[in-house]
Each structure stands twice: as structure tokens, then as C-alpha cells.
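The following exercises concern confidence, core packing and sheet topology. Please attempt each task with the structure displayed before reading its solution.

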Amino acid sequence: MRAMQPSETLGATPAPLLDVRDLRVTFETPHGLVKAVGGVSWTLAPGETLGIIGESGSGKSVGLEAIMGLIKTPPGHVSGEVLFEGRNVLTMPERERRQLRGEKIAMIFQDAMSALNPSLTVGTQIAEVYRLRRKCSQAEAERRAIELMDRVKIPSAKTRVGNYPHEFSGGMCQRVMIATALALGPQILIADEPTTALDVTVQRQIMTLLAELQREDGMALVLITHDLGLVAETVDRAMVMYAGRLVESAPVSSLFDAPSHPYTRGLIRSMPRIDGASGALHAIGGTPPAAGRMPKGCAFHPRCEMRVDRCRVDRPVLRPMDRDHFAACHIAKETPRD
Amino acid sequence: MSAVDATTAPQVEEDHDRAAAITGRAYLSALMRDRVAFVSAVFLGLLLIAAAGADFLAPFDPDKANLRARFVPPLGTARDGGFHLLGTDELGRDLFSRLMHGARVSMSIGLLGAICSGIAGITLGVLAGFYRGLLEDLLMRAVDGMMALPSLLIALFILFVIGPGFGNLILIFTLLHWMVFARMARSLTLTHQQSTYITAARAIGGSDARIILTHLLPNMVSPLIVLFTLEIAVLILSEASLSFLGFGVQAPQSSWGLMIARGREYISSAWWLVVMPGAAIFLTALALNLVAAWARAITDPVQRWRWLTPPRGKNQPIDDDE
């Protein structure tokens with residue numbers, strides 16, 4: 001088993017805002033240790049939009065939760081390095097880490113309806129961190145809440161600050177959630193499938209809103225999703241995860257034009273296209289491996305149409321394919337143009 | 001505004017039905033609409049007034065014996081001309097006045113006992129559920145153990161050692177009843193801790209204390225209120241049993257349980273000495289149970305708009321300015 005070296009860290013140019021090095025997350029379960037994330041390295045530049053794509057259980061959410069410090073230890077174990085402004089957040093004392101959350105890095109969740117406290121008014125929840133950290137008065141906090149609700153385009157914010165989350169629709173709840181995350185003006189916003197629970201028109205509104213806010217504030221956005229369409233539209237750079245590891249990382253245009261990893265190719269082919277031929281969609285055969293029963297060699301080889309003998313024994317590491325384009329596959333060719 | 005708002009507009013309208021402001025008057029009118037709960041609440045209110053103001057409101061001195069007015073039946077008039085609504089006892093003391101004074105003891109033991117055991121149990125239960133680990137294991141085994149104890153016997157034993165009395169009764173009730181709250185608080189904590197909003201609160205940098213106090217507890221209020229109300233009823237009944245057995249409140253202080261114990265000797269000739277305090281206990285426990293059901297609905301943040309907003313037709317939802 002070979003880990004990626006920190007020097008192999010992917011991507012971007014000067015002074016990354018967030019530098020993740022060899023992040024590993026394991027869980028103790030009654031059936032033994034389970035690896036959820038097995039050595040992932042990436043960086044995030046200021047103001048960048050990064051998409052993390054993967055199926056359920058591919059470790060995309062867990063990895064980000066580990067960075068936020070939301071994994072309970074035990075049963076979880078987090079190792080590696082996560083450098084934010086040059087400091088390793090994983091070894092920070094809990095107090096400082098808490099200061100970082102909300103202030104510098106904020107996170108929004110998939111199901112906004114359940115991510116809001118049902119017994120507090122939305123105004124209270126939006127202004128909660130602000131009041132806590134800025135030590136301001138109740139009235140000041142409410143003004144701030146209204147301001148934030150206006151920013152995320154909740155209609156008639158003034159009358160709605162006093163409402164409870166159940167009085168809002170799913171899309172509105174997600175807006176409230178975003179307002180909560182924006183309260184302190186974080187530099188990084190992690191969005192864990194922010195639109196999965198919403199219907200399509202509302203999805204678009206939320207993504208437009210996020211892009212707008214990002215432009216205004218210059219914050220970096222990490223978008224976790226399994227929706228390739230969303231990635232294609234909104235993201236600068238995308239990373240594909242499979243079974244707890246990165247399999248491909250590339251600027252979004254390069255990823256869609258010239259996917260190198262067979263898994264990525266499978267994903268893209270299984271997406272309905274408006275310009276393509278109609279008929280049955282492509283499907284990747286088989287299912288992802290259970291976290292406890294990882295196959296030897298490349299984790300994808302049992303499902304791969306192009307596997308060779310080497311894939312069964314030797315785990316591929318990320319290697320450069322093109323400019324800023326990396327893939328972990330033995331058979332992927334450099335700069336393929338197909 | 002922009003095109004974004006056009007698609008959100010229908011949603012706003014739909015939301016408005018539920019968004020009517022909830023005021024104190026809404027609680028009152030919701031209570032009036034639920035007749036059973038209303039009658040129970042009125043009964044408990046009167047009982048509280050009677051207990052608190054017994055010194056001024058009681059028609060007779062509850063402890064003053066009047067041998068010329070012994071065993072006057074309910075609604076009877078004594079030979080000295082005094083009218084006794086609920087009759088008199090073996091010493092000629094007015095039963096109604098004694099019930100009012102007894103209510104003071106019974107109600108305050110019920111309330112204080114429930115408050116003390118509630119605070120102890122909820123604190124321990126929430127901590128156990130929140131931090132898990134050894135604390136939880138020890139605490140929950142203790143709870144299991146205590147639940148298996150025959151509480152009346154233990155209470156009798158302890159009271160025998162430390163002596164009866166008001167303060168000791170509260171102490172015993174706290175010791176014997178905290179587990180009920182602890183068990184429920186722990187399980188509620190476990191359920192809510194799984195919810196995304198607790199993770200979300202953590203993700204915006206909330207401390208443990210803050211998460212417990214502002215995010216966890218408010219969501220646990222509704223079931224705990226119900227338990228609290230029911231516990232008051234249970235404690236009033238326990239106090240009655242203990243006083244009946246002579247280990248609770250001591251004369252000349254009086255409580256409903258003690259009154260039943262004293263009246264027992266005369267049950268064949270003066271039934272009202274047992275029936276009246278018995279009825280008081282029964283009605284209070286019943287009223288508390290009925291109010292508990294109402295309180296559950298009204299304190300649930302997601303459900304309460306159903307009860308608190310007036311029925312349709314009376315008050316049409318106001319149109320949005322959008």
C-alpha cells in the first residue's frame with residue numbers, strides 16, 4: 001500500500017488557502033476498522049470553486065467533515081495534515097478549532113429542513129454565531145439576521161425573521177442555512193450536497209445564489225455532490241472520489257472533455273445528454289465495494305471494463321495526465337484526446 | 001426583483017397559513033377551545049389559589065377543634081349554626097378548610113419534588129446522552145437498578161432512619177424519582193444528537209454548553225413537560241401513601257393522605273372523611289394528566305401552530321406584500 005507523498009499534492013498555484021495532505025479517516029466498528037477515507041491530498045485556492053464528486057459512501061462527505069472536526073473520535077480516527085493559513089487544524093486545540101469554524105470555514109448540509117433547529121426562530125439561528133462572536137446586542141443581531149436574509153433573497157425578511165423553520169419550504173430553509181453560514185463572512189464554504197433534497201427549479205436558484213455570494217465575497221466554495229451536471233456548470237476544478245480515494249482531479253473542462261479514469265468516463269457516459277442519441281443510458285456494472293471489504297489493487301478493478309492483470313495487485317497512484325489533470329489509473333494514457 | 005423571486009412567490013403564500021403570529025392570547029384561546037383541558041386547567045388554577053390563600057380564604061380555622069360540631073355531614077349545619085360545605089371531622093374541624101390547607105402541602109410536595117427530581121434527572125440524563133462513555137454506562141446501570149427497587153419500601157426505610165417531615169419527603173422523592181427524568185432525557189438527547197442541526201450548530205462553532213442549552217434542551221421541552229406534569233400527580237399520590245402510613249407529613253401539619261389515614265377509623269359512620277380527600281387526590285391527578293396531554297401539543301414547536309392559530313374562516317391569512 002502506497003500513500004501519496006505531500007510533495008505530490010495536487011493542483012493549484014500560489015499559496016493555497018487550504019492544503020489537505022494525506023487525509024485518512026477510519027472508524028472502529030464491531031466488525032473491525034473501516035477505512036472511510038484512505039489518504040487524500042488536495043488544495044484549495046482562495047476564491048476557487050472545487051467540486052468533489054462521488055457516489056454515496058465514497059468518502060466525500062466524511063473527508064470534509066473530518067476537516068471541519070465534526071467526526072466523533074472515537075470511534076473515528078483522523079490522520080494526515082490539513083493546513084489552513086499554514087497551520088494544521090487537525091492538531092489545533094479544540095478551542096481554537098471552534099473559533100475557526102464559522103469564522104473562517106463554514107458548512108451547509110444536504111437536508112436544510114433537518115439542519116435547522118425546529119424550536120428556534122430562523123432569525124435567532126442566523127444571528128446566533130454573530131451574536132456569540134461579535135458580542136453584540138439582541139437588536140443588532142436581529143438587524144444582522146434581516147440583512148443576511150435579504151442577501152440570500154428571502155422575501156419579506158423583516159416579517160419572516162420571527163418564523164420557525166417548519167414555516168419555510170425546503171428551498172427557503174436552504175437559504176436560511178446559507179445565511180447562517182455566511183454570518184461571519186467565512187473564507188471557505190463547504191456545501192455538502194446543498195441541492196440534493198430540492199426540486200430542480202429550486203436547485204438552480206440555490207446554485208445561482210451561491211455563485212453570486214461567492215463572487216461578492218470572494219470566498220472559496222467546496223461543493224460535494226453526485227450531480228455531474230451541477231459540477232459541469234458551477235465548478236472550476238473537480239475531483240472524483242471512489243472508495244475513499246481520489247481517482248481523478250482536473251479542471252472541469254478537461255475532466256468532461258477528456259476524462260482519463262474509466263470510472264469518471266463511466267460516470268459521464270451514464271449522464272443523460274441533451275445533444276446525444278436517445279436510448280438506454282450507460283450504467284457502470286456492479287456496486288462500489290463495502291468499506292470493510294476493499295479489493296486488492298485498484299479499488300475499481302472489479303467493475304472496470306478495461307482492467308489488466310496489474311490492476312488486481314497494484315494500487316495505482318495519481319499521476320499527471322495533462323496540465324493540472326491527474327488520474328489514478330494504470331492504463332490511462334497521458335493527454336488522451338478521444 | 002429578479003426572476004428568482006417569481007418562482008418562490010407561491011411558496012410564500014403557502015407558508016403564510018402557518019405563519020400567523022403566536023401571542024399569549026393565542027394560547028388562551030387554544031385552551032378555551034379544548035374543553036377538557038380548559039376545565040382541568042381551571043380546576044388546577046382554583047386549587048392553586050385555594051392552597052396559596054388558604055389562610056384568608058378558608059371559612060374556618062383548620063386546626064380549631066369544636067366538639068359541638070363533630071361529624072357534621074356535607075352541606076350540614078352544626079348546632080352552633082356554622083355551615084360546613086364538606087362536613088366536619090371527629091374533632092369538629094371543618095373539612096373544606098382542612099382540605100385547602102392540605103392542598104398547600106400536597107401541591108408543594110408534588111411541585112417541589114418534581115422540580116428537584118427533574119433538575120437532577122435531566123442534568124444527568126443529558127450529560128450521559130451527550131458524552132456517552134463510562135458516565136453513561138454507570139448512570140444507566142444505576143437507573144436500571146433504582147427502577148427495580150420497590151420505591152415505597154425504600155422510602156419507608158429511609159424516612160424511618162432520617163425521620164419524617166416535609167424536607168425529608170422532598171429529598172426522598174428526588175432520590176427515588178430522578179431516574180424517570182434521566183432515562184427520558186438521555187434517550188431524547190441520543191435522538192436529537194443524531195440530527196443534522198446539532199452537527200450544523202457544531203459546524204458554525206458552537207461550544208458543548210451552547211449546543212446543550214440552546215439546541216438540545218429546547219427540543220426536549222415538549223415530552224419533558226408532559227413527564228413533569230405526570231410526575232407531579234405521581235408524587236401527590238406517593239405523598240398521600242406515605243402520609244397515610246404515618247411516615248409523611250406529621251400532625252398538626254395536614255395533607256390529603258394524612259386526612260384519609262385519620263378518617264379511616266370512622267369510615268363506617270362518617271364516609272366523607274375518607275371520600276373528600278380521596279376525591280381531591282383523584283381529581284388533581286386526573287386534571288394534571290389531562291393538562292399534560294394538552295401541554296404536549298402546545299409546546300411542540302412544529303405542531304403548535306395547528307392549535308394556536310384560530311380555525312379557518314375566522315381570521316383569513318393576511319396577503320403578503322410581495
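**Exercise 1. Which residues does Ile188(A) touch, leaving aside residues up to four places away in sequence?**

Solution. This is a predicted model. With sequence neighbours up to four places away set aside, Ile188(A) touches Leu17(A), Leu18(A), Leu44(A), Lys104(A), Ile105(A), Met219(A), Ala220(A) and Val222(A). Next, place Ile188(A) in the core: the largest nonpolar core has 166 residues, and Ile188(A) is among those that touch the most other members, together with Met149(A), Val176(A), Met177(A) and Val222(A). In general, nonpolar side chains tend to be buried together in soluble globular proteins.

**Exercise 2. Establish the strand order of the eight-stranded open sheet and identify its edges.**

Solution. In chain A the order is S6-S7-S8-S3-S9-S10-S12-S11, and the pairing is mixed. The edges are strand S6 (105–108) and strand S11 (319–322) of chain A, because each pairs on one side only. Direction ignored, neighbouring strands are turned by 20 degrees against each other on average. At one end, S11(A) runs antiparallel to strand S12 (residues 325–327) of chain A, and three bridges join them. Asp322(A) has His325(A) of S12(A) as its bridge partner.

**Exercise 3. Where in chain A is confidence highest and where is it lowest among the helices and strands?**

Solution. Begin with the whole chain: chain A averages a pLDDT of 81, and 92% of the residues score at least 70. Strand S3 (residues 49–53) of chain A is highest, at 90, whereas helix H6 (residues 157–160) of chain A is lowest, at a mean of 80. Finally, consider residues 1–9 of chain A: pLDDT stays under 50 there, and the model has 19 contacts beyond four places in sequence for this stretch.

Methods:
Residues numbered from 1 in each chain as written. Chains lettered and ligands numbered in written order. Core = buried A, V, L, I, M, F, W, Y, C linked by C-beta atoms within 7 Å. Buried ≥ 20, exposed ≤ 12 C-beta atoms within 10 Å, placed from the backbone. Contact = placed C-beta atoms within 7 Å. Pairing = 2+ DSSP bridges. Helix = DSSP H or I, 4+ residues; strand = E, 2+ residues; numbered from the N terminus. Axes fitted to C-alpha atoms, helices over the stretch in contact; angles between N-to-C directions. pLDDT = per-residue confidence, 0-100.
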